[in-house]
Amino acid sequence: MGGAFSSIIKAAPQIELLKDALGGMMASGTVMAVFIPWLIGVIMMTAVGSMTTAGMTAAAIMAAMGPTAVSPLVTCIAIGAGTMMVDHVNDSGFWTTCQFFNLNVKQGVKYITVINAVSSVAALIVLILIAMTGII
């Protein structure tokens with residue numbers, strides 16, 4: 001599903017403008033080269049609600065942009081961290097976790113969504129620091 005969705009997105013004429021704009025920003029430095037895939041993961045997760053579909057679609061969009069200032073490993077980890085950001089009611093994993101731990105929606109948002117958002121931002125910060133030092 002993620003591959004098919006990414007093909008549809010890549011076929012849109014507006015994607016060329018997006019690729020040019022984001023590609024230029026990503027070539028300018030490490031921070032933007034890590035932040036952009038994370039942001040695309042966040043946007044896709046918010047839109048589709050499935051971490052797998054969001055991650056696959058974000059990866060296909062990033063692959064279409066070509067090489068960046070960081071390694072593909074950093075890009076992959078950034079996308080994964082981005083898909084953790086908005087884990088809420090349109091995600092089947094949210095409902096599975098709520099049912100498993102017997103949480104209502106309010107508790108699920110408090111204990112799942114907020115914690116995942118904090119984890120996503122923390123992962124982004126650590127990844128930027130690691131990428132800037134050249135470890136990965």
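Select Val-89 and show its side chain; this residue sits in the loop that joins helix H5 (72–83) to helix H6 (92–100). The model is predicted. How exposed is Val-89? Its relative accessibility is 41%, so it counts as partly exposed, since that class lies between the limits of 20% and 50%.

Next, keep Val-89 selected and add Trp-95, Val-105, Val-109, Val-114 and Val-118. Together these residues make a nonpolar patch of about 480 Å² on the surface. Colour the patch by element. Which helix gives the largest share of the nonpolar patch? Helix H7, residues 105–133, does, with 4 residues.

Now hide the side chains and show H5 and H7 as cartoons. The axes of these two helices come within 9 Å and cross at roughly 165°. H5 is therefore roughly antiparallel to H7, because the angle is over the cut-off of 145 degrees. To follow the hand of the crossing, look at H5 and H7 with one in front of the other: the crossing is left-handed.

Finally, zoom out to the whole chain. Stepping through the elements from the N terminus gives the order α-α-α-α-α-α-α. The count is 7 helices and 0 strands. Colour by relative accessibility to end the tour: the protein has 136 residues, and 35% of them count as buried. With that colouring on, return to Val-89, which is partly exposed and belongs to the nonpolar patch.

Conventions:
Residues numbered from 1 in each chain as written. Predicted model: local features only at pLDDT ≥ 70, side-chain atom pairs only at ≥ 80, totals over all residues. Heavy atoms only, no water. Patch = residues over 30% accessible without salt bridge, like charges linked within 9 Å, V, L, I, M, F, W, Y side chains within 5 Å. Areas by Shrake-Rupley, 256 points an atom, 1.4 Å probe, with all protein chains shown as cover. Salt bridge = Lys/Arg side-chain N within 4 Å of Asp/Glu carboxyl O. Buried < 20%, exposed > 50% of the residue type's maximum accessible area, 1.4 Å probe, protein only. Axes fitted to C-alpha atoms, helices over the stretch in contact; angles between N-to-C directions. Parallel < 35°, antiparallel > 145°, perpendicular 65-115°, else oblique. Left-handed = near helix turned anticlockwise from the far one by under 90°.
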